[in-house]
Amino acid sequence: MTTSNAHLQSPILPCACDLPSLPPPRSDNLLTAGKIHELRLELTSEKKDPKYARKTAAMKKVVANMTMGSDMSPLYQEVLACMKISNLEIKKMVYLFLINYSRSKPEIATLAVPYLDD
């Protein structure tokens, strides 16, 4: 009895140079712009929110997106406006935002100085 080792041989894979080129990855600028617009609306909302649950949720989304690498700096003014809120959880997230973007964009860090005096 002879056994064939043909089933043990790996198939020959094509060279990477023989593969068709893939299109470049799709830019998520539109997705980010949509997220930023939605978050801006949530942060500037004037709806009744006695315990600041909506603003807390919006700030959590901002910090999460910022942590994942999305540029949330267009929301700088809206986030700074949240400094007036007396909720400690929101203040902590605002400080995280300020620290992150003050390091990478020091030119906009000076905008936060009047808010830090309070």
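Let me start with a word we will need: a residue is buried when its relative accessible area is under 20%. Keep that cut-off in mind. Also keep in mind that this is a predicted model.

First, the overall picture. The chain has 6 helices and 0 strands. Read from the N terminus, the elements go α-α-α-α-α-α. There are 118 residues, and 28% of them are buried. Now look at contacts between residues at least 6 apart in sequence. Of these, 62% join residues at least 24 apart.

Next, a pair of helices. Find helix 2, residues 53-67, and helix 4, residues 88-104. Their axes come within 10 Å, and they cross at roughly 25 degrees. Angles under 35 degrees count as roughly parallel. Helix 2 and helix 4 are therefore roughly parallel to each other. The crossing of helix 2 past helix 4 is left-handed.

Who makes the contact? From helix 2 we have Lys55, Thr56, Met59, Lys60, Val62, Val63 and Met66. From helix 4 come Glu89, Ile90, Met93, Val94, Leu96, Phe97, Asn100 and Tyr101. By type, that contact has 10 nonpolar residues, 2 polar and 3 charged.

Take one residue from the helix 2 side. Threonine 56 sits in helix 2. Its relative accessible area is 8%, so threonine 56 is buried. What does threonine 56 touch, beyond residues up to four places away in sequence? The list is Asn87, Glu89, Ile90 and Met93.

Now the aromatic rings. How many aromatic pairs does the structure hold? There are 2. Two values describe such a pair: the distance of the ring centres and the angle of the planes.

Here is one pair: tyrosine 76 and phenylalanine 97. Their centres are 5.8 Å apart, with 45 degrees between the planes, and the pair is tilted. Tyrosine 76 belongs to helix 3, residues 76-81, and phenylalanine 97 to helix 4. They are 21 residues apart, so this pair links distant parts of the chain.

Are these two buried or exposed? Back to our cut-off. Tyrosine 76 has 4% relative accessibility, so tyrosine 76 counts as buried. Phenylalanine 97 has 0%, so phenylalanine 97 is buried too.

The other pair is phenylalanine 97 with tyrosine 101. The ring centres lie 4.8 Å apart and the planes stand at 55 degrees, so this pair is tilted as well. Phenylalanine 97 and tyrosine 101 are 4 residues apart in helix 4, which means about one helical turn separates them. Tyrosine 101 is at 5% relative accessibility and therefore counts as buried. Put the pairs together: Tyr76, Phe97 and Tyr101 form a cluster linked by ring pairs.

Phenylalanine 97 and tyrosine 101 also appear in the contact between helix 2 and helix 4. Keep both in view as you turn the model.

One last residue: tyrosine 95, also placed in helix 4. Is tyrosine 95 buried, partly exposed or exposed? At 37% relative accessibility, tyrosine 95 counts as partly exposed. Set aside its neighbours within four places in sequence, and tyrosine 95 is in contact with Met83 and Leu116. Now compare tyrosine 95 with valine 79. These two are 16 residues apart in sequence. In space, their C-alpha atoms are 9.5 Å apart.

To recap: a chain of 6 helices, a left-handed crossing of helix 2 past helix 4, and a ring cluster of Tyr76, Phe97 and Tyr101.

Terms used. Residues are numbered from 1 along each chain as its sequence is written. This is a predicted model: local features need pLDDT of at least 70, side-chain atom pairs count only at pLDDT 80 or more; totals for chains, interfaces and linings use all residues. Side-chain values use heavy atoms; hydrogens and water are left out. Axes are lines fitted to C-alpha atoms, for helices over the stretch in contact, and angles run from 0 to 180 degrees between N-to-C directions. Helices (H or I, at least four residues) and strands (E, at least two) are DSSP runs, numbered from the N terminus. Angles under 35 degrees count as roughly parallel, over 145 as roughly antiparallel, 65 to 115 as roughly perpendicular and the rest as oblique. A crossing is left-handed if the near helix is turned anticlockwise from the far one by less than a right angle, and right-handed if clockwise. Contact means heavy atoms within 4.5 Å. Ala, Val, Leu, Ile, Met, Phe, Trp, Tyr, Cys and Pro count as nonpolar, Asp, Glu, Lys and Arg as charged, and the others, Gly among them, as polar. Rings of Phe, Tyr and Trp (its six-membered ring) pair if their centres lie within 6.5 Å; planes under 30 degrees apart count as stacked, over 60 as edge-to-face and the rest as tilted. Buried means under 20% relative accessible area, exposed over 50%, partly exposed in between (1.4 Å probe, protein chains only).
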